[in-house]
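Here is a short report for a reader new to this structure. Look at the model first, then follow the text from one element to the next.

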Amino acid sequence: MRSATVTRNTAETQITVSVNLDGTGIARFDTGVPFLEHMLDQVARHGLIDLDIHAVGDLHIDAHHTVEDIGITLGQAFARAIGDKQGIRRYGHAYVPLDEALSRVVIDLSGRPGLEYHLPFTRAAIGSFDVDLFSEFFHGFVNHAMVTLHIDNLRGVNSHHQAETVFKAFGRALRMAVEFDERMAGRMPSTKGTLTA
């Protein structure tokens with residue numbers, strides 16, 4: 001099992017993330033941010049990745065630090081769990097629709113952090129959740145997982161649908177990228193010979 005647990009404590013948040021890349025989609029969350037939990041549940045279910053995330057943050061201010069730091073800690077756990085990346089597909093992509101919304105996510109487990117984020121939400125909040133925080137989450141993840149990630153919401157009117165298609169596609173793309181490629185047969189999917197240096 002490719003799994004890892006990371007704890008990250010700061011003056012603003014205390015977060016523990018456990019991830020199993022070879023899981024069945026089991027998700028357990030206690031973060032104080034219900035809509036983020038709903039989105040992360042999509043990642044677990046559609047990525048077949050087990051996620052256990054516990055977070056205590058300064059939610060009396062707002063959810064910014066908690067959401068960003070969950071992204072950071074999840075990225076750190078992912079980087080540990082994926083290991084040296086021998087024999088994996090490395091690249092993953094998915095298109096996911098939900099009614100009028102359609103999103104595309106493409107990922108490269110490249111060892112280089114990079115984010116292209118194009119998600120023009122039609123409103124500023126989904127319930128009480130500030131949609132700007134999704135960008136903070138993905139920046140945190142990318143910078144610590146050391147992956148290249150392209151996120152494009154191609155169309156959508158309902159902001160909940162826009163967000164959900166992105167997170168479902170993110171889960172599907174992750175699932176594809178971390179899968180072992182039988183034809184690669186344990187070799188490194190890079191002409192450099194490494195994806196960690």
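Two strands pair if DSSP finds at least two bridges between them. The model is a predicted one.

**Strands E5 and E6**

Start with E5 and E6. These two strands run antiparallel, and eight bridges join them. One such pairing links Ala94 to Val105, its bridge partner in E6.

How do the side chains along E5 alternate? Gly92, Ala94, Val96 and Leu98 point to one face and are buried. Tyr91, His93, Tyr95 and Pro97 point to the other face and are not buried. Ala94, the partner of Val105, thus belongs to the buried set.

E5 and E6 make a hairpin with two residues between the strands. Asp99 sits in that loop, between strand E5 (91–98) and strand E6 (101–108).

**Two residues with positive phi**

Most residues other than glycine have a negative phi. Two residues here have a positive value: Asp99 and Leu48. Each is found in a loop, Asp99 between two strands and Leu48 between helix H1 (34–47) and strand E4 (50–57).

| Residue | Phi | Relative accessible area |
|---|---|---|
| Leu48 | near 50° | 31%, partly exposed |
| Asp99 | about 55° | 65%, exposed |

Why does Asp99 count as exposed? Its relative accessibility is 65%, and exposed means over 50%. Leu48 has a relative accessible area of 31%, so it is partly exposed.

**Strands E1 and E2**

Another hairpin is formed by E1 and E2, with three residues between them. Strand E1 covers residues 3–9, and strand E2 covers residues 13–20. They run antiparallel, joined by seven bridges. Ser3 stands opposite Asn20 in E2.

**Phe78 in helix H2**

Now turn to a helix. Phe78 lies in helix H2, which spans residues 64–82. Is Phe78 buried or exposed? Phe78 counts as buried because its relative accessibility is 3%, and the cut-off for buried is under 20%.

Which residues does Phe78 touch, leaving out those up to four places away in sequence? The contacts are Val19, Leu21, Leu109, Phe141, Ala145, Val147, Leu174 and Val178. Take Val19, one of these. Phe78 and Val19 are 59 residues apart along the chain, yet their C-alpha atoms are separated by 6.8 Å. Val19 falls within strand E2 (residues 13–20), while Phe78 belongs to helix H2.

Key:
Residues numbered from 1 in each chain as written. Predicted model: local features only at pLDDT ≥ 70, side-chain atom pairs only at ≥ 80, totals over all residues. Heavy atoms only, no water. Helix = DSSP H or I, 4+ residues; strand = E, 2+ residues; numbered from the N terminus. Buried < 20%, exposed > 50% of the residue type's maximum accessible area, 1.4 Å probe, protein only. Contact = heavy atoms within 4.5 Å.
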